[in-house]
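Subject: Handover of a structure and the findings

Dear colleague,

Please find the structure below, together with its sequence. I would be grateful if you would read the notes after it with the structure open beside you.

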Amino acid sequence: MQHPHGIAPSLHYLLRPTIARSHKSLVTRRAISDNSAALNPPASTLPPPLELPEKTPDQTKIKYFYRLGKAYVGFYKAGIKAIYHNYKLARHIQGQIPRGLTREAALQNGSLTRASYQLLLRTRRDLARIPLFALVLTVCGEFTPVVVVFMGLSRAVPRTCWVPKQVLGAQQKLEERRRRSFRDGTIASEQQPLDEQLPSTLLHIGRSLALYSEWWDRVGLRPPMLSRRVKERLKQLDLDDHAISRDGGVGYLKGEEVKLAASDRGLDVLGRPEEEVRAVLQRWLSARKKHSAIKLLLTRPSAWQDL
């Protein structure tokens, strides 16, 4: 017996669940893609891949270092081009924000996605660093990475131009500085506003989130405008916590974005598998439903369950 649509009944029965599964799979993939695009800013906001030449046995040191220098210069040029690309994207996004709304208000009411907001933040940060970095690159040329690393000029370099060694070194220093600060002890009250917190509280948050140079600790002076910097960062974290939850959740963040988001919240990431970092970040978002960011920043994740 032939089915009205020209398919045998048994064959049509077998195809129906397959068609349904295919449609469901397509919808799922589309939802994953939409959530990922809403959460993750473009890869152009991160450093491009750095491909360094290998030294061959028959190659002179001069020739090898010349090729090495060219690779670094090419890397920096790619990073600067990425900033220009991001700038054009940022201008378009800025133009889509309803008149009368700040970027923060647009993010909060859903006019901006987390991905768009992070693009705006990172582009503004990188643009501010271009003048000094361009001067260093012009003067030092192929020796720029050496000068940046050994003279501690990372804060003058746009993040799209950070070489892998620079990224690793900065994260190592940050996490060690955070460990020392926790050993000194921290006290905070969730009932007190930020302006009434102890100076040690502000200093710990500043160290933990790299809001000021370590030089101030060495000379024993209080960093200028520390309270303002901490307040601005806490506001950004509140907005980002809201945006991550709204735009899909931690599960849709890409690997590098998971580590960045965790580090932005004072969480250690070095030597930890991506899934472990992702799980701790999810615990942060869950704990934020009951506790302030100040409380979590002054407490190690292992103690959050006791709060």
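The notes that follow describe what was found, beginning with the overall fold and ending with individual residues.

**Overall fold**

Please keep in mind that this is a predicted model. The chain contains 12 helices and 0 strands. Its pattern, read along the sequence, is therefore α-α-α-α-α-α-α-α-α-α-α-α. Of its 307 residues, 39% count as buried. Among the contacts with a separation of 6 or more, 68% are between residues 24 or more positions apart.

**The largest nonpolar core**

In soluble globular proteins, nonpolar side chains tend to be buried together. In this chain, the largest nonpolar core has 31 residues. The residues with the most contacts inside this core are Ile 205, Val 230, Trp 284 and Leu 297. Which helices each supply at least two residues of the core? They are helix 7 (199–208), helix 9 (226–246), helix 10 (255–264), helix 11 (274–287) and helix 12 (293–297). Helix 11 gives the most, with 6 residues.

Leu 297 is a useful residue to select on the screen. Leaving aside residues up to four places away in sequence, Leu 297 touches Phe 182, His 204, Ile 205, Leu 209, Leu 234, Leu 237, Arg 265, Gly 266 and Trp 284. Two of these partners, Ile 205 and Trp 284, are also listed with Leu 297 among the residues with the most contacts inside the core.

**The largest cavity**

Rolling a probe the size of a water molecule over the atoms shows where empty space is left. How many cavities of 30 Å³ or more are there? The count is 1. The largest cavity has a volume of about 50 Å³. Its lining is formed by Phe 182, Ser 208, Arg 265, Gly 266, Leu 267, Leu 296, Leu 297, Thr 299, Arg 300, Pro 301 and Trp 304. These lining residues divide into 6 nonpolar, 3 polar and 2 charged. Leu 297 thus appears again, as one of the residues of this lining, having already been named in the core.

**The second largest pocket**

The second largest pocket holds about 300 Å³ of space. It is lined by 13 residues, and those closest to its centre are Leu 68, Tyr 72, Glu 142, Pro 145 and Val 146. Two elements, helix 2 (61–96) and helix 5 (144–150), give two or more residues to the lining. The largest share, 5 residues, comes from helix 2. By type, the lining residues of this pocket are 10 nonpolar, 1 polar and 2 charged.

**Aromatic pairs**

Helix 2 also takes part in an aromatic pair. The structure has 5 aromatic pairs. In one of them, the rings of Tyr 76 and Phe 133 have their centres 5.3 Å apart and their planes at 70°. Why is this pair edge-to-face? Planes over 60 degrees apart count as edge-to-face, and the angle here is 70°, so the pair belongs to that class. The pair links distant parts of the chain, as Tyr 76 is in helix 2 and Phe 133 is in helix 4 (residues 114–140), 57 residues apart.

Are these two residues buried or exposed? Buried means under 20% relative accessible area. Tyr 76 has a value of 1% and is therefore buried; Phe 133, at 2%, is likewise buried. Together with Phe 75, Tyr 76 and Phe 133 form one aromatic cluster.

**Residues in the loops**

Three loop residues complete these notes. Ala 210 lies in the loop between helix 7 and helix 8 (215–219). Its phi is near 55°, a positive value in a residue other than glycine. With a relative accessible area of 31%, Ala 210 is partly exposed.

Met 225 is found in the loop between helix 8 and helix 9. The phi of Met 225 is near 55°, again a positive value in a residue other than glycine. Met 225 counts as exposed because its relative accessibility is 52%, and the cut-off for exposed is over 50%.

His 291 is placed in the loop between helix 11 and helix 12. Its relative accessible area is 16%, so His 291 is buried. The C-alpha atoms of His 291 and Trp 304 are separated by 9.6 Å, and the two residues are 13 residues apart along the chain. Trp 304 is also one of the residues that line the largest cavity.

Yours sincerely,

A colleague

How values were computed:
Residues numbered from 1 in each chain as written. Predicted model: local features only at pLDDT ≥ 70, side-chain atom pairs only at ≥ 80, totals over all residues. Heavy atoms only, no water. Core = buried A, V, L, I, M, F, W, Y, C linked by side-chain atoms within 4.5 Å. Buried < 20%, exposed > 50% of the residue type's maximum accessible area, 1.4 Å probe, protein only. Helix = DSSP H or I, 4+ residues; strand = E, 2+ residues; numbered from the N terminus. Contact = heavy atoms within 4.5 Å. 1 Å grid on protein atoms, 1.4 Å probe; cavity = no way out; pocket = protein on both sides within 12 Å on 5 of 7 lines; lining within 4 Å. Points joined across faces, edges and corners; volume = space filled by probe spheres on them. Nonpolar A, V, L, I, M, F, W, Y, C, P; charged D, E, K, R; others polar. Phe/Tyr/Trp six-rings, centres within 6.5 Å; stacked < 30°, edge-to-face > 60°.
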